[in-house]
Amino acid sequence: MTFKNKITHIILIALSLLFIMPLLMIFSGSFENQSQLIENLEPLFNSGNLENKAKWHAIPMYPTLKSYVEILLDSPEFFIMFWNSCKLVFPILMGQLIINTPGAWGFARYDFKGKNALFALYIVLMLMPFQVTMVSNYIVLNYFKLLNTRMGIILPAIFSTLSVFIMYRFFKGIPNAVIEAARMDGANEFQIFLRIGIPMGAPGIASAMVLGFLEYWNMLEQPLAFLEDKALWPLSLYMPAIRPEVTGGYLVSSVIILIPPLLIFLIGQKYLEKGIQASGLKE
Amino acid sequence: MKMLLKKSRKNQNYICRNNKKSLTGWLFILPSLAGVSIFYLIPFADVVKRSVTEGMGSEFVGLRNYTTVLENEAFLLAAKNTVKFMLICIPLLLVFSLLCGVMIKSIRGRADIYKTAFLVPLAVPVASIVLIWKFLFHENGFFSMLAVNISGNSIDFMNTDLAVYVLIVSYLWKNTGYDMILWIAGLSNIPAGLYEAASIDGAGRIKQFFYITLPNLKGMLFIIFILSVINSFKVFREAYLIGGNYPHTSMYMLQHLFNNWFVALDIEKLCAGAVIMSIVTSVLIIFFKNSIEGGR
């Protein structure tokens, strides 16, 4: 039994290493000297089969912060894209918080005619791939003259039904007795939502926000289709023409792109797991 | 009489309160519903209408737009690639993530660190790791080097039919953690008593897995399958950042095609395509749900 346990641990450690390997590679690479990077990675930029293959040192041969200094001090366009991402992600999450939290509460705590059918529609919408909603979005954005604006990305994303669904699961789990008790005490429906729903459903709201942040920080399809003006592009579309001479800067920017979602992930892993579980609970 | 009156008033009160309550429910939902209607439902109705009419005008053309799409060579290629990709990667993902989940569930001691490792890819932006995929899969990259050492021949994953494997690997890397968490939730719901009873009856761990674990996970399978399908559409991100608008043909996915139609403002095809996709997705959901519930 203990032997079996050990074997399982070993397999899991090996798999875990495999999964985090790309991250370790980006981090170690970002501290490598540019000329060493050129030497290591140049074969990747040649077509045709070469004798010597590309290399990646686990620990930088000549560690340096030079690439970091270059990106942080000398590349304004990178920072514009960074802010572009923030200007999309935070308004979206804000909007979801304001609109979808009460929406989820309404679905979870009230019964009314047509509710079940409506909620089923929300679930189907949540499962539709972007190809389906793309042309619908285009028609609306065109109608409201929102194409090629940030609002054109933000507004449809706010009304994504996935976050309603996730918060719904958590609001549904609040015991009825608590709410009835508050009603007895004379609280009105809106007070109940504010004073009981929001505090008790907070883990659900956090889960929806963590999942949302990861989703929208990496959002690619929507800005690619609807933002023609590259000055508005977010970091998820950051794709410089990688040449051997700029690999250092590229790796540093990769690390910087990665830091916000990684922090959110490490802080909110518990909520991420809960959110994923909520997305999988059956109706 | 008095009694009756009292009762009816009580009833009335009840109905009144109930009506008020359902009205409050609507009020909570209203902002969300308004947005969903404006940005998704109403325009989708328009899309359905446009899919059976001619581009600018309103002339009814029946299913002509649909036959155009279904006979379109690029559509057939993209659909074939997408389906082929799903047929390979979704079963792989389901089995692999289940195995990981079972392993994590079975160990004693801290399992959180493993969960973190499997989930971390979800947080990694695709743009960050394009160079890593290139390093691994390029003709002069890591796997090719391994192949040279083993068989003497190099492999080029990027510009041959093997390109789809780049997507499969990145899909598995990205989604194993997500599915694993769902499987673990499913595993936790299986009553421990079932296993105890089985081991008293002398069933080994393998037998327990096939006769207790798997049947009890059936309900979970539906939702994990659907979510995996949805997430598989997102593999376009990798394909786009690695290969651009026109990658190697084996990597050409439906989203590439839709983007290219979009650039050409080919609204008729886009509308018909969107309706086809929504039908396929709905049928998939219904069919898979029924087949699992029927098997119970």
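**Loops, domains and helix packing in a two-chain model**

Q: Where is A:Asn148 found?
A: This is a predicted model, and the backbone of A:Asn148 has a positive phi of about 65° although the residue is not a glycine. As for its place, A:Asn148 is found in the loop between H6 and H7 of chain A.

Q: Is A:Asn148 buried, exposed or partly exposed?
A: Let's count neighbours: A:Asn148 has 13 other C-beta atoms within 10 Å. A residue needs 20 or more to be buried and 12 or fewer to be exposed. With 13, A:Asn148 is therefore partly exposed.

Q: What is the phi of A:Lys145, and is the residue buried or exposed?
A: A:Lys145 sits in the loop between helix H6 (130-143) and helix H7 (150-158) of chain A. Its phi is positive, about 55°, although A:Lys145 is not a glycine. There are 10 other C-beta atoms within 10 Å of A:Lys145, so the residue counts as exposed.

Q: How is chain A divided, and how many Å separate the centres of its domains?
A: Chain A falls into domain 1 (2-64) and domain 2 (74-280). Taken over C-alpha atoms, the separation between the centres of domain 1 and domain 2 of chain A is 33 Å.

Q: Which elements give two or more residues to the side of domain 1 of chain A that touches domain 2 of chain A?
A: In this contact, 11 residues of domain 1 of chain A meet 10 residues of domain 2 of chain A. The elements giving two or more residues on the domain 1 side are helix H1 (2-30) and helix H2 (34-41) of chain A.

Q: What does the side of domain 1 of chain A that touches domain 2 of chain A have by class?
A: The domain 1 side of this contact in chain A counts 11 residues. Sorted by class, that side has 6 nonpolar, 3 polar and 2 charged residues.

Q: Which residue of chain B does A:Trp56 touch?
A: A:Trp56 lies in the loop between H2 and helix H3 (66-74) of chain A. Leaving aside residues up to four places away in sequence, its contacts within chain A are A:Met25, A:Gly29 and A:Asn40. A:Met25 is 31 residues from A:Trp56 in sequence, with 7.6 Å between their C-alpha atoms. On the chain B side, A:Trp56 touches B:Phe135.

Q: Is A:Trp56 buried, exposed or partly exposed?
A: A buried residue needs 20 or more other C-beta atoms within 10 Å. A:Trp56 has 19 such neighbours, so its class is partly exposed.

Q: Which helix gives the largest share of the side of chain A that touches chain B?
A: The contact between the chains takes 81 residues from chain A and 82 residues from chain B. The chain A side divides into 54 nonpolar, 21 polar and 6 charged residues. Its largest share, 15 residues, comes from helix H13 (residues 247-280) of chain A.

Q: How do H13(A) and H7(B) lie relative to each other?
A: H13(A) passes H7(B) in a right-handed crossing. Their axes are 9 Å apart, at an angle of about 70°. Angles of 65 to 115 degrees count as roughly perpendicular. H13(A) and H7(B) are therefore roughly perpendicular.

Q: Which residues of H7(B) meet H13(A)?
A: By class, the contact has 5 nonpolar, 2 polar and 1 charged residues. From H13(A) come A:Glu273, A:Ile276, A:Gln277 and A:Gly280, and their partners in H7(B) are B:Tyr178, B:Ile181, B:Leu182 and B:Ala185.

Q: How are H3(B) and H7(B) oriented to each other?
A: Helix H3 (residues 73-106) and helix H7 (residues 163-188) of chain B pack with their axes 7 Å apart, at an angle of about 45°. The crossing is right-handed, and the contact has 20 nonpolar, 4 polar and 2 charged residues. Since an angle of about 45° is neither under 35 degrees nor in the 65 to 115 range, H3(B) and H7(B) are oblique.

Q: How many Å apart are the C-alpha centres of domain 1 and domain 2 of chain B?
A: Chain B is divided into domain 1 (1-37) and domain 2 (74-264 + 273-294). Their C-alpha centres are separated by 47 Å.

Conventions:
Residues are numbered from 1 along each chain as its sequence is written. Chains are lettered from A and ligands numbered from 1 in the order in which they are written. This is a predicted model: local features need pLDDT of at least 70, side-chain atom pairs count only at pLDDT 80 or more; totals for chains, interfaces and linings use all residues. Two residues are in contact if their C-beta atoms, placed from the backbone, lie within 7 Å. Helices (H or I, at least four residues) and strands (E, at least two) are DSSP runs, numbered from the N terminus. Ala, Val, Leu, Ile, Met, Phe, Trp, Tyr, Cys and Pro count as nonpolar, Asp, Glu, Lys and Arg as charged, and the others, Gly among them, as polar. Domain bounds come from an automatic or database domain assignment. Axes are lines fitted to C-alpha atoms, for helices over the stretch in contact, and angles run from 0 to 180 degrees between N-to-C directions. Angles under 35 degrees count as roughly parallel, over 145 as roughly antiparallel, 65 to 115 as roughly perpendicular and the rest as oblique. A crossing is left-handed if the near helix is turned anticlockwise from the far one by less than a right angle, and right-handed if clockwise.
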